Amino acid sequence: MGIRRPAISTAVAAALIGSLGVPLVAGTASAQGAAATVREDFDGDGYQDVAVAAPGATVGGHAWAGYITVSYGSAHGLDPERTTVIDQDSPGVPGVSGDDQAFGYAMIARDLDGDGLTDLAVAARGYRPENNVSGSVIVLWGRKGGISGQGAVRVAAPANAQVGEDITAGDFNGDGHADVFMSNGEDRDYHDVLYGPFTRDGAPAREQQVQVYSTDNFINSTATGDFNGDGIEDLATFYVYENHAEGGKLWLGTKDGLSTVPQRLASSSGTAVADFDQDGHADLATRIFPNGDTEGTEEDPGTVKIYYGSSSGPSQSRTQTITQNTAGVPGASEKGDQFGGRLSAGDANGDGYPDLAVGVPGEAIGTKKKAGAVVLLKGGRGGLTGQGAQAFHQDTAGVPGVAESGDVFGGSVRLLDVTGDGKADLVAGAPGENLGSVVNGGAVWLLRGATGGLTASKSVAENPTDIGAPAAKALFGENLSGDNGTGVVIP
């Protein structure tokens, strides 16, 4: 089974391999507790906001041009009337929409210029002939009135560069300014670290090159967090080659920036980061490759493994493995469920311990194959467990819509406090959702955080037709800013 999509170039097909079983984008929030800092507040009103990508959308007659939307949080949740649609034809956005650009295939949300408002860095594919550059990273600046294309800039790139692959954000030198890690040069063995604060013309304060490759493998996932508890965020990169996983590397953050001598890590198909047991060290939640086989994720039941942080980084001895067969976890571990297909951390019940949202995009709901679901695992003094875990899907009472085969609900997940009540809400995407006769239009849902965990009460859904955006094969909700995971195959 594969995505029903128009033919695209070989280069773009390879770049969008996240939809075929490896991550589209990397980068997660660092350890967080009950009083987590608002990170995705684009208009500065104290409510977290939601950025959604529709990378498959046709814009201006261009297939796979893509667009993104920004929906603003409030005490009432998300409101389609407060949703902004931005593409490369929007006023102020550099460039123009074109075939195969997949604008928004990767996004990171951080305050890049240090003005207190969250900015959104949006990656796009596409060849730029002016200096033989492939790809772009466009920064949309946070504004009190909300994000638009006004003043948007491309991050500068040298000639012959491949730009934007593996884009990840963190504070890697502990100076309080967000830094960006990504490909941004001609030599594929190296990635750049662009240290903040950025100027409004997109220039970083300084740059560092890190040799991330020594063989022909490539990065399939990344994560950031203060894994050793020294107050500076670290970077984890994970690798695959052909059909097998090749482990990971931990680059410790220092006052001078990322260390260039990495530690070894186990392989990971996707990640989320938080201090689940609140011991002062960020913990790394991963979905593991079945038997190290990168081509087996679509049929994999799915396994989540947590590496708890320690003074030397993610512990290889203090770990925890959770599947749908773990006591307390709803459902059963079945072929093709893809438990862990997306992961996101946040404190949904407000008890001070981060929880983990686990996408199960291949879950069958009754006879409806790959309808999809999301499971919430709850954190506590001992870390994550199956105790009190919850499951939600489109046939859950109170959740808008109806579960259908191929929806892949849970194909993207984020835990964000959209309603501003101190409890993280679940944003879940179903990029395979059909909108009437429109195939794979996609949609996202908001389920509120509550004292008992997540609740379907007052949950809402939003799709491209609600906001007047292109819908046909848009795959709306395939990616949310900063989410991470294996990607899913849309039947």
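**Exercise 1. In which loop is the place of Ala 157?** Locate this residue, then describe its surroundings.

*Solution.* Before we start, a word on the model: it is predicted, so local features need pLDDT of at least 70 and side-chain atom pairs count only at pLDDT 80 or more, while totals for chains, interfaces and linings use all residues. Residues are numbered from 1 along each chain as its sequence is written, and side-chain values use heavy atoms, with hydrogens and water left out.

Step 1: Ala 157 sits in the loop between β7 (153-154) and β8 (162-163). Strands here are DSSP runs of E with at least two residues, helices are runs of H or I with at least four, and both are numbered from the N terminus.

Step 2: Ala 157 has 17% relative accessibility and counts as buried. Buried means under 20% relative accessible area, exposed means over 50%, and partly exposed lies in between, with a 1.4 Å probe and protein chains only.

Step 3: Leaving out residues up to four places away in sequence, Ala 157 touches Asn 131, Val 133, Val 163 and Asn 184. Contact means heavy atoms within 4.5 Å.

Step 4: For a long-range view, take Ser 267, which is 110 residues from Ala 157 in sequence and 30 Å from it in space, C-alpha to C-alpha.

**Exercise 2. Describe the protein chain as a whole.**

*Solution.* Step 1: Count the elements; the protein chain has one helix and 33 strands.

Step 2: Look at the extent. The C-alpha atoms fill a box of roughly 55 × 55 × 45 Å along the principal axes.

Step 3: Turn to burial and contacts. Of the 491 residues, 63% count as buried. Among contacts between residues at least 6 apart in sequence, 57% join residues at least 24 apart.

**Exercise 3. Work out the strand order in two open sheets, and find their edges.**

*Solution.* Step 1: One sheet of four strands runs β9-β10-β12-β13 with antiparallel pairing. Two strands pair if DSSP finds at least two bridges between them.

Step 2: The edge strands of this sheet are β9 (168-170) and β13 (206-211), each pairing on one side only. Neighbouring strands are turned by 25° against each other on average, direction ignored. The axes behind such angles are lines fitted to C-alpha atoms, for helices over the stretch in contact, and angles run from 0 to 180 degrees between N-to-C directions.

Step 3: Strand β12 (residues 190-195) pairs with β13 over six bridges in the antiparallel sense; Tyr 195 has Arg 206 in β13 as its bridge partner.

Step 4: The other open sheet has four strands in the order β3-β2-β1-β32, again with antiparallel pairing. Because β3 (83-86) and β32 (479-480) each have a single partner strand, one side of each is left without a neighbour in the sheet.

Step 5: Within this sheet, β1 (residues 50-54) and β2 (residues 67-71) run antiparallel and are joined by five bridges. The bridge partner of Ala 54 in β2 is Tyr 67.

**Exercise 4. Which residues have the most contacts inside the largest nonpolar core?**

*Solution.* Step 1: They are Leu 112, Val 137, Ile 167, Val 180 and Met 182, in a core of 23 residues. A nonpolar core is a set of buried Ala, Val, Leu, Ile, Met, Phe, Trp, Tyr and Cys residues joined through side-chain atoms within 4.5 Å.

Step 2: Two or more residues come from each of β4 (106-110), β5 (119-128), β6 (133-140) and β10 (179-182). β6 gives the most, with three residues.

Step 3: Zoom in on Val 137. Beyond four places in sequence, its contacts include Ala 121, Val 155, Ile 167 and Met 182.

Step 4: A second, separate core of 19 residues includes Phe 276, Phe 339, Val 360 and Ala 389.

**Exercise 5. Compare the settings of Ser 459 and Ser 481.**

*Solution.* Step 1: Ser 459 lies in strand β31, whereas Ser 481 is found in the loop between β32 and β33 (484-485).

Step 2: Ser 459 is buried, at 9% relative accessible area; Ser 481 is buried too, at 1%.

Step 3: The side chain of Ser 459 reaches the backbone oxygen of Gly 398 at 2.8 Å. The side chain of Ser 481 makes a polar contact with the side chain of Glu 40 (2.8 Å). A polar contact is a pair of N or O atoms within 3.5 Å; within protein, one must be able to donate a hydrogen and the other to accept it, and residues adjacent in sequence count only if both atoms are side-chain atoms.
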